[in-house]
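The following exercises concern the packing and burial of residues in a protein model. Please work through each task before reading its solution.

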Amino acid sequence: CTGGIRCEKASIEMKEELQHDDINVYQLQGGIHRYLEKYGSKGKFKGKNFVFDKRIIQPHDDGAAVVGECSICSTPYDTIHDDRRCKKCRLLVLICDECETTRKKEYWCHDHTYLDPNVCRENPEKLKEIGSMIAKNEEKLKNDELRGRRNRNKRLMIQKTISELKEVLDSCQ
């Protein structure tokens, strides 16, 4: 909750995405924050409200339903810790305390789990996927559209991705 601007954008996107006459998208007068103040656990909101300040979450009730789950073991979990962020993109990641002890402060969001060496050790099929990703990115670099100065950053990002993937591949073998 940031005071409404994301809700405005989200409701527009939801309306465009759903495009069903029988589904309506509404916004709460005063936002979710005011709704939680007014109704608390008696309302329809389940879980905790994520906020973009030092509080991180705005619990409305100590007995709030746990709607999140650990990204690693899928155990119901919804306590967000500011130091548990994806190593690649810095996105906050839900990691339960038990899994946190095994991760050596290395966490990965859903989009970057392929960079987690633990995943390919646990699932050898991931090695094939990583090899395929390397090949796709190397093919991208051969693309004529990426030549020239104005595409330099794109080339550098692709080269960095290839390097990261090769590093993971090496650590898994």
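**Exercise 1: Helix α2 and its end**

In this predicted model, helix α2 spans residues 31-39, and its buried residues include Gly31, Ile32, Tyr35 and Leu36. Determine which residue follows α2 and what the sign of its phi is.

*Solution.* Step one: proceed past the end of α2, where Gly40 is found. Step two: read the backbone angle of Gly40; its phi is positive, near 55°.

**Exercise 2: The environment of Glu164**

Locate Glu164 in its helix, decide whether Glu164 is buried or exposed, and state which residues it touches beyond four places in sequence.

*Solution.* Step one: Glu164 lies in helix α6, which covers residues 152-172. Step two: the relative accessibility of Glu164 is 19%, and buried means under 20%, so Glu164 counts as buried. Step three: leaving aside residues up to four places away in sequence, Glu164 is in contact with Lys88 and Leu115.

**Exercise 3: The packing of α5 and α6**

Describe how helix α5 (residues 125-141) packs with α6, and give the classes of the residues in contact.

*Solution.* Step one: the angle between the two helices is about 155°, and their axes are 9 Å apart. Step two: angles over 145 degrees count as roughly antiparallel, therefore α5 is roughly antiparallel to α6. Step three: the crossing of α5 and α6 is left-handed. Step four: the contact involves residues of α5 including Leu127, Ile130 and Ile134, and residues of α6 including Ile158, Ile162 and Leu165. Step five: sorted by class, the contact of α5 with α6 comprises 11 nonpolar, three polar and four charged residues.

Note on methods: Residues are numbered from 1 along each chain as its sequence is written. This is a predicted model: local features need pLDDT of at least 70, side-chain atom pairs count only at pLDDT 80 or more; totals for chains, interfaces and linings use all residues. Side-chain values use heavy atoms; hydrogens and water are left out. Helices (H or I, at least four residues) and strands (E, at least two) are DSSP runs, numbered from the N terminus. Buried means under 20% relative accessible area, exposed over 50%, partly exposed in between (1.4 Å probe, protein chains only). Contact means heavy atoms within 4.5 Å. Axes are lines fitted to C-alpha atoms, for helices over the stretch in contact, and angles run from 0 to 180 degrees between N-to-C directions. Angles under 35 degrees count as roughly parallel, over 145 as roughly antiparallel, 65 to 115 as roughly perpendicular and the rest as oblique. A crossing is left-handed if the near helix is turned anticlockwise from the far one by less than a right angle, and right-handed if clockwise. Ala, Val, Leu, Ile, Met, Phe, Trp, Tyr, Cys and Pro count as nonpolar, Asp, Glu, Lys and Arg as charged, and the others, Gly among them, as polar.
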